[in-house]
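Grab a pencil and work through these exercises with the structure open beside you. Try each task yourself before you read its solution.

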Amino acid sequence: MYENILDESESAFIDRFEALPEDARCLFLRMMNRSKRFFRIEAFQYPELEITDELWDTLVAQGFASPVEESAEEHYVEVLSVFTKPELVKAAKIIVPDK
């Protein structure tokens, strides 16, 4: 349809997207509509979607999502922002226990 205005990588993206199962496409669109780059899987709760590990695995396998890795170190503030204050306090106590 848009072959004359899309480059090869854009066309490939559309092809890969259209090959995803419907729930995976819906979840990917929900991800892209989020304002933050990092988020927790358990934060995704939509009544119209059954969000399973298999669904996430599909998005990761097809290159539409990826887990946070050490390479995200430069974005540590964004990564930490997905945790609540009590979760961060608990983690800090594990990392640096009281003496």
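**Exercise 1.** In this predicted model, find which ring Arg30 lies over and at what distance from the ring centre.

*Solution.* Start at Arg30 and look for the ring whose face it covers: that's Tyr46. Next, read off the distance to the ring centre, which is 3.9 Å. A charge counts as sitting over a ring only within 6 Å of the centre and within 35 degrees of the ring normal. Now try Arg16: its charged end sits over the ring of Phe64, 4.6 Å from the centre. Phe64 also belongs to an aromatic cluster, together with Phe13, Phe17 and Phe28.

**Exercise 2.** Work out which residues are joined with Arg40 into one salt-bridge network.

*Solution.* Step one: Arg40 and Glu42 meet side chain to side chain, 2.8 Å from N to O. Step two: Arg40 also bridges to Glu87, with the closest N and O atoms 2.6 Å apart. Arg40 is in the loop between H2 and H3 while Glu87 is in helix H5, so this pair ties together parts 47 residues apart in sequence. Step three: put the shared partners together, and Arg40, Glu42 and Glu87 make one network.

**Exercise 3.** Decide whether Arg40, Glu42 and Glu87 are buried, partly exposed or exposed.

*Solution.* Buried means under 20% relative accessible area, and exposed means over 50%. Arg40 comes out at 23%, so it's partly exposed. Glu42, at 49%, is partly exposed. Glu87, at 30%, also counts as partly exposed.

How values were computed. Residues are numbered from 1 along each chain as its sequence is written. This is a predicted model: local features need pLDDT of at least 70, side-chain atom pairs count only at pLDDT 80 or more; totals for chains, interfaces and linings use all residues. Side-chain values use heavy atoms; hydrogens and water are left out. Rings of Phe, Tyr and Trp (its six-membered ring) pair if their centres lie within 6.5 Å; planes under 30 degrees apart count as stacked, over 60 as edge-to-face and the rest as tilted. A salt bridge is a side-chain nitrogen of Lys or Arg within 4 Å of a carboxyl oxygen of Asp or Glu. Buried means under 20% relative accessible area, exposed over 50%, partly exposed in between (1.4 Å probe, protein chains only). Helices (H or I, at least four residues) and strands (E, at least two) are DSSP runs, numbered from the N terminus.
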